[in-house]
Amino acid sequence: MKARVKWIDGVAMLGESGSGHGVVMDGPPELGGRNVGVRPMEMLLLGMGGCTQFDVLLILRKARQAVTDCVVELEAERAAEDPKVFTRIHAHFILTGKGLDPKRVETAIRLSAEKYCSASIMLGATATVTHDFEIRED
């Protein structure tokens with residue numbers, strides 16, 4: 001896997017993925033940014049959310065669960081001192097579907113957290129990562 005980050009101006013950057021996609025990142029105005037993009041640490045959190053959601057949906061599809069929507073709400077805390085790593089991350093899954101089995105949802109989330117989601121497992125080296133979920137009927 002490869003990626004490239006090109007400085008634009010101030011503290012704004014253009015991240016380019018090896019698969020050919022781009023994302024603008026920037027810092028807060030008090031640190032020279034213009035607030036034109038997501039913060040780099042926010043990208044890490046978003047990456048974890050996307051990684052675990054990908055896993056959970058794949059596992060539930062294989063289990064023939066009729067998921068019609070999935071949202072992962074993430075909350076994180078960071079250390080007060082540099083390097084200000086994540087110390088706590090909570091992922092709240094909101095799954096909507098027809099007759100979703102709570103046991104299968106719980107298993108899918110656990111498998112993602114413990115076995116498949118490389119982002120969650122890496123961030124778990126410095127942070128306590130927790131998960132919960134709610135199911136909504138469609």
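Trainee: In what order do the elements of the chain run from the N terminus on?

Mentor: Keep in mind that we're looking at a predicted model. The chain has three helices and six strands. Read from the N terminus, the elements go β-β-β-α-β-β-α-α-β.

Trainee: And how is the chain divided into domains?

Mentor: The C-alpha atoms of the whole chain fill a box of roughly 50 × 35 × 30 Å along the principal axes. Inside that box, the C-alpha centres of the two domains sit 25 Å apart. The domain assignment gives domain 1 (1-38) and domain 2 (40-137).

Trainee: Which three residues supply 84% of the area that domain 1 buries against domain 2?

Mentor: Start with the total: domain 1 and domain 2 bury about 360 Å² between them, with 85% of it on carbon and sulfur atoms. On the domain 1 side, the three residues that supply more than any other three are Val 23, Met 25 and Val 38.

Trainee: How many salt bridges does the rule find across that interface?

Mentor: Look at who is touching: the side of domain 1 that meets domain 2 has four nonpolar residues, no polar ones and one charged. The count of residue pairs in polar contact between the domains is zero (both at pLDDT 80 or more). For salt bridges across the interface, the number is also zero.

Trainee: Then how many salt bridges does the rule count in total?

Mentor: Here's the background: side chains of opposite charge can pair when their charged atoms come close. One example is the pair Asp 101 and Arg 104, at 3.9 Å from N to O. By this rule, the full count comes to seven.

Trainee: Which residue forms a salt bridge with Glu 16?

Mentor: Glu 16 is in strand S2 (residues 12-17), and its partner is twelve residues away in strand S1 (residues 3-9). Glu 16 is partly exposed, at 30% relative accessible area, and the partner counts as partly exposed too, at 46%. The closest N and O atoms are 3.0 Å apart, and the partner is Arg 4.

Trainee: Which residues do shared salt bridges join into one network?

Mentor: Take one link of it: the side chains of Glu 77 and Arg 88 meet at 3.1 Å, N to O. That link connects strand S4 with strand S5, across eleven residues. Glu 77 is partly exposed at 41%, and Arg 88 is partly exposed at 26%. Through shared partners, the network is made up of Glu 75, Glu 77 and Arg 88.

Trainee: Is Thr 52 buried or exposed?

Mentor: Thr 52 has its place in helix H1 (residues 40-62). Leaving aside neighbours within four places in sequence, Thr 52 is in contact with Phe 93, Ser 112, Cys 117 and Ser 120. Its relative accessible area is 0%, and the cut-off for this class is under 20%, so Thr 52 counts as buried.

Trainee: What percentage of the residues in the chain are buried?

Mentor: Thr 52 belongs to that group, with its 0% relative accessible area. The chain has 138 residues, and the buried ones make up 30%.

Trainee: Where is the cis peptide bond that involves Pro 83?

Mentor: Most peptide bonds are trans, so a cis one catches the eye. Pro 83 is found in the loop between strand S4 (66-78) and strand S5 (86-98). With omega near 15°, the cis bond runs from Asp 82 to Pro 83.

Trainee: What phi does Asn 35 have?

Mentor: Most residues other than glycine have a negative phi. Asn 35 lies in the loop between strand S3 (22-25) and H1, and is partly exposed at 48%. Although Asn 35 is not a glycine, its phi is positive, at about 60°.

Trainee: And is Arg 64 buried or exposed?

Mentor: Arg 64 is found in the loop between H1 and S4. Arg 64 also has a positive phi of about 60° without being a glycine. Its relative accessibility is 75%, and the cut-off is over 50%, so Arg 64 counts as exposed.

Notes: Residues numbered from 1 in each chain as written. Predicted model: local features only at pLDDT ≥ 70, side-chain atom pairs only at ≥ 80, totals over all residues. Heavy atoms only, no water. Domains from an automatic or database assignment. Buried area = accessible area lost by both parts, 1.4 Å probe. Salt bridge = Lys/Arg side-chain N within 4 Å of Asp/Glu carboxyl O. Polar contact = N/O pair within 3.5 Å; in protein donor to acceptor, adjacent residues only side chain to side chain. Nonpolar A, V, L, I, M, F, W, Y, C, P; charged D, E, K, R; others polar. Helix = DSSP H or I, 4+ residues; strand = E, 2+ residues; numbered from the N terminus. Buried < 20%, exposed > 50% of the residue type's maximum accessible area, 1.4 Å probe, protein only. Contact = heavy atoms within 4.5 Å.
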